[in-house]
Amino acid sequence: MRDFPLFPRAALTSARATRFGASLILQPLPEGHVLQVFSAKGMADIRSSLFEISDGTTHAVRAASPGQWFVVGDRPLSAQEFLTIESRLEGRAVLVDQSHGRVRIGVSGSGAEALLAKGTAVDVEERSFKAGQTAMTLVGHISVHLTRVAPDGFEILVLRSFAEDLWNDLNRMSVEFN
């Protein structure tokens with residue numbers, strides 16, 4: 001029940017995909033859906049069920065911590081779609097819609113590892129952090145959920161209120177790649 005109307009507004013309103021030289025691209029990703037899943041007690045591994053509720057894209061299901069995952073996608077979900085997904089997990093997990101509260105930023109190119117190494121303590125080299133792996137970490141002073149989505153690509157999931165600051169920080173950190 002809402003007491004006032006909600007008006008969707010993009011978190012990164014002025015951000016556009018930006019290429020830095022030939023080796024780095026920063027890109028605001030579609031504000032589709034972000035679902036946080038908490039497994040029920042005794043249901044330690046429901047990961048296969050999460051693939052069934054995802055949109056089927058590679059790396060749509062991302063570990064967040066033991067018994068917790070994010071399920072992300074480019075398309076927003078309607079309230080009915082959310083309820084349908086929630087009912088499919090009933091008794092095995094609790095689902096929280098984080099679509100309004102989290103923003104995804106893409107970092108790709110051969111310079112992506114070097115850029116992220118400047119801002120996080122995670123070893124992001126591909127031999128240590130392979131496609132599909134995730135980490136809750138900091139980029140600078142901002143808490144993020146980092147996922148390698150390709151050999152030269154990462155997605156950063158950040159709280160909406162920090163998205164613009166992170167976007168600006170990433171742009172400043174990328175200047176050397178021009």
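At what angle do helix α3 and helix α4 pack, and how far apart are their axes? That was my opening query for this predicted model.

**Entry 1: the helix pair**

I looked up α3 (residues 112-119) and α4 (residues 160-174) and got an angle of about 115°, with 10 Å between the axes. The crossing of α3 past α4 came out right-handed. Next I listed who meets whom: L115, K118 and G119 are the α3 side of the contact, and L170, M173 and S174 are the α4 side. By class, I noted 3 nonpolar, 2 polar and 1 charged among the residues of this contact.

**Entry 2: the sheet of six**

I then turned to the strands. One open sheet holds 6 strands, which I read off in the order β1-β2-β7-β10-β9-β8, and the pairing is antiparallel. Why is one side of β1 and of β8 left without a neighbour in the sheet? I found β1 (18-20) and β8 (134-139) at the edges, and each has a single partner strand, so one side stays free of a neighbour in the sheet. On average, neighbouring strands here are turned by 25° against each other, direction ignored.

Within this sheet I picked out β7 (residues 102-108) and β10 (residues 153-159), an antiparallel pair with 7 bridges. For a landmark in that pairing, I marked I105, which stands opposite I156 in β10.

Back to the two helices, to see how they sit on the strands. I have α3 lying across β2 (24-28), β7, β8, β9 (142-150) and β10, at about 35° to β10. For α4 my list reads β1, β2, β7, β8, β9 and β10, and the helix runs at about 140° to β10.

**Entry 3: the sheet of four**

Which order do the 4 strands of the other open sheet take? I wrote down β4-β5-β3-β6, again with antiparallel pairing. The edge places go to β4 (61-65) and β6 (93-97); each has a single partner strand, so one side of each lacks a neighbour in the sheet. The twist from one strand to the next averages 25°.

I also checked β3 (residues 33-39) against β5 (residues 68-73): the two run antiparallel and are joined by 6 bridges. In that pair, Q68 of β5 is the bridge partner of F38. Helix α2 (residues 79-88) packs on this sheet, where I saw it touching β3 and β6, and its direction makes about 160° with that of β6.

**Entry 4: empty space**

How many cavities of 30 Å³ or more does a search of the whole structure find? My search gave 1, with a volume of about 40 Å³. I copied out its lining as P30, E31, G32, H33, V34, R102, V103 and R104. The elements giving two or more residues to that lining are β3 and β7, and β7 gives the most, with 3 residues. I counted the lining by class as 3 nonpolar, 2 polar and 3 charged.

Last, I looked at the largest pocket, which has a volume of about 470 Å³. It is lined by 17 residues, and the closest to its centre are P8, G32, D97, S99 and H100. I note that G32 also appears in the cavity lining. The pocket lining divides into 8 nonpolar, 5 polar and 4 charged residues.

Terms used: Residues are numbered from 1 along each chain as its sequence is written. This is a predicted model: local features need pLDDT of at least 70, side-chain atom pairs count only at pLDDT 80 or more; totals for chains, interfaces and linings use all residues. Side-chain values use heavy atoms; hydrogens and water are left out. Axes are lines fitted to C-alpha atoms, for helices over the stretch in contact, and angles run from 0 to 180 degrees between N-to-C directions. A crossing is left-handed if the near helix is turned anticlockwise from the far one by less than a right angle, and right-handed if clockwise. Contact means heavy atoms within 4.5 Å. Ala, Val, Leu, Ile, Met, Phe, Trp, Tyr, Cys and Pro count as nonpolar, Asp, Glu, Lys and Arg as charged, and the others, Gly among them, as polar. Two strands pair if DSSP finds at least two bridges between them. On a 1 Å grid over the protein atoms alone, a cavity is a set of points where a 1.4 Å probe fits but cannot get out, and a pocket is an open set with protein on both sides within 12 Å along at least five of seven lines; lining residues have an atom within 4 Å of a point. Grid points are joined across faces, edges and corners, and a volume is the space filled by probe spheres set on the points.
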